[in-house]
Amino acid sequence: MDISTLRSSHPDHWMRACAIRALTLDAVAAANSGHSGMPMGMADVATVLFANHLKFDASAPRWPDRDRFILSAGHGSMLIYSLLYLTGYSDVTLDQVKNFRQWGAITAGHPEYGHVAGVETTTGPLGQGIANAVGFAMAEESLRARWGAKVQDHYTYVIAGDGCLMEGVSQEAIGLAGKHELSRLIVMWDDNGITIDGKVSIADVTDQKARFAASGWDVFSCDGHDPVDIDRAITAAKASPRPAMIACKTHIALGHAAQDTPKGHGALTDKAQMAAAKEGYGWTAGAFEVPKDIKAWWEAVGKRGAKAHADWQARLNALSPAKKAEFERIFAGDAPAKLAAAVRAVKKQAVADAPKIATRAASEKALTAINPVMGETIGGSADLTGSNNTKTADLGTFEPANRKGRYVYYGIREHGMAAAMNGMALHGGVRPYSGTFMCFTDYARPSMRLSALMGVPVVYVMTHDSIGLGEDGPTHQPVEHLAISRATPNTLVMRPADLVETAEAWEVAFSEKTRPTVMALSRQNLPTVRKVHTNQNMVAKGGYVLAEAVAKRQVILMATGSEVEIALKAKDMLEAQGIGTRVVSMPCMELFAAQDAAYRRKVLPPGPVRVAIEAGVRQGWDAFLLGTGGREGKAAFVGMTGFGASAPAERLYAEFGITAEATVAAAKAML
């Protein structure tokens, strides 16, 4: 690569892009940690994108109609930190750049949503950014259809590397984007041919351009170091009626001794090599210094979108007060005032009718009442709509011919579905929920973890939540999955016992702003256990006394979901023997643990023996069996210790000893 030719061909552009390269070298060297090569290689592409195409206002990072920029190749985080500092984002100061990857700094090793105003999503686990971007683009299409182009009309741009495209989730994502003709989605592939282990060719022979084309994308190419050619390709991509991929041919660690080598992927900290690279760039400023004229140019780029922002604000202000208030509500993530009333109506009817239905069907009944009053919901399923019960009659199908539709057929793409929902929630203005079988949280797990890490209120509808699904057998029967979800920080796991609890769980989930919810729902029919109506949302307490002891209280039975029925039967059997028994329904451990100590002690007082009943593994239950006044020797668990089997549900419960009789025996053995 002839650096001198690049410098002389476009000297102004060259020095502006080299501001990114120099800051990257300085920050990685100061941290003695990081990934220098990608920002150095993609600096030209990023400079053209921000200067000529990206609609943004550095003074208003959360402007709802801004273009979204997603750095899927999150290891190259100094690219986005440099851009945000240069363009004048107030939170990314020079001190933050200098403290890259250090304790207390917002400039984390990989870009983290919520830390930095200009970071749209947490990236680093490769493939997540490009998959999130599909959700961003779907949200934009949906909102543009429903609110009009005067209010929502923007692009989603992604920089992705070879690693992003090798991860399996990328195929789920690009297939989904191609199917839905997401023309406002543009992916710029950093085609540098290098991975950590060596050249891409040692592990992969995929023709990426052909792959995208086969998936319904328009494909473009450019010289990733020629600003004119980059601009041409982005302009053409924006005019595409389909999602667009631009293959940007680049050199990793451009101008450094490690250029075009695996070493260029990592931390380039050798002082002599850094000095030589900067000399080759013609960069004479000191460490962390950007010449005033270059910084001023970049800051002008950051201010350029102020007029578009002001014009948009004027259009928003021109809406009727009610419409403007509704728009602001959905972007604030606030639940509508009508949600509580809709849920109360479902609860009252459930108490009156006392239906015996699966909680997946109960969920559909709740959503049938909720979706009409929450126009921002977008539902879906990974090819299990009839099993997950996630589609209500009012939604309509989201598709190219009907962008106002609010139901997405994701196909067999659990991971892509979860990642897209993260993107939708991060975009704002929509409330995504979608379903699959509980066992297949395994396929969605990386994105579910990121939901929690980022604190976005995605709802995962996970039906067929235990051995109670029956004949499909252990491949489909979740045993450890409740524990896995509960072990994830900042996640609510709801396992309701009937229609009343299910409706309450949805009210909690749709009122959340900073946590995802896993809704664990049964395949098998369950009786109504809440027999008396109350306006209070008891699920919001996490756990509560469902049935009080009649005789002197000696036993407390705790259960969730389908096992609450078993606990109530066991209570009747124990009471018949003069053993006073309280039943505690525990639909959400996380919410119960968050209650004050006095409430938890009131529900779980010391003294009585405790038995927890759940058709899953014990992990997670000891906090309530042994904690909050419990003790070893006076606590037992009735549940699973291994995998399930293929048989009717009733036989499975009997064979695995998850019965009222086993519960009674466990309790009496400790008395």
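L492 stands opposite T517 of strand β13 in this predicted model, and that pairing is a handy place to start. L492 belongs to strand β12, residues 492-494, which runs parallel to β13 and is joined to it by 3 bridges. To get from one strand to the other, follow the chain through helix α21, residues 499-509: β12, α21 and β13 together form a right-handed β-α-β unit.

Now stay with β13 and look at its other pairing. Strand β11, residues 459-463, also runs parallel to β13, and here 4 bridges do the joining. V461 is the residue to pick out, since it sits opposite M519 of β13. As for the side chains of β13 itself, which spans residues 517-520, T517 and M519 point one way while V518 and A520 point the other. Whichever way they point, all four of these residues are buried.

Next, jump back towards the start of the chain, to an open sheet of 5 strands. Pairing in this sheet is parallel, and the order reads β1-β2-β3-β7-β6. Which strands stand at the edges? They are β1 (68-71) and β6 (218-223); each has a single partner strand, so one side of each is left without a neighbour in the sheet. Going from one strand to the next, the twist averages 20°.

At the β1 edge, 4 bridges link β1 to β2, residues 156-160, with the two strands running parallel. Within that pair, L71 has I159 of β2 as its bridge partner. A helix comes in on this sheet too: α10, residues 227-238, packs on it and touches β2, β3 (185-191), β6 and β7 (244-249). Set against the direction of β6, the direction of α10 makes an angle of about 170°.

β1 also leads us to another helix, α4, at residues 77-87. Is α4 buried or exposed? Here 11 of the 11 residues are buried, so the helix is largely enclosed by the rest of the structure. Among those buried residues are M78, Y81, L84 and Y85. The surroundings that α4's buried residues pack against include two strands of the sheet we just left, β1 and β2. The helices they pack against are α2 (11-31), α3 (37-52), α5 (94-98) and α12 (292-303). Right after α4 comes G88, with a positive phi near 95°.

For a look at helix against helix, turn to α15 (residues 338-353) and α16 (residues 359-370). Two packed helices are described by the angle between their axes and the distance between the axes. For this pair, the axes come within 9 Å and cross at roughly 140°. The two are therefore oblique to each other, and the crossing of α15 past α16 is right-handed. What meets what at this contact? From α15 come L339, A342, V343 and V346, and they meet K365, A369 and I370 of α16.

Last stop is a loop residue, P400, found between α17 (385-388) and β9 (407-409). With a relative accessibility of 31%, P400 counts as partly exposed. Leaving aside residues up to four places away in sequence, P400 touches K179, H180 and E181. If you want to place P400 against another point in the chain, try A314: the two are 86 residues apart along the chain, and their C-alpha atoms are separated by 29 Å.

Conventions
Residues numbered from 1 in each chain as written. Predicted model: local features only at pLDDT ≥ 70, side-chain atom pairs only at ≥ 80, totals over all residues. Heavy atoms only, no water. Pairing = 2+ DSSP bridges. Axes fitted to C-alpha atoms, helices over the stretch in contact; angles between N-to-C directions. Contact = heavy atoms within 4.5 Å. Buried < 20%, exposed > 50% of the residue type's maximum accessible area, 1.4 Å probe, protein only. Right-handed = clockwise from strand over helix to strand, strands pointing away. Parallel < 35°, antiparallel > 145°, perpendicular 65-115°, else oblique. Left-handed = near helix turned anticlockwise from the far one by under 90°.
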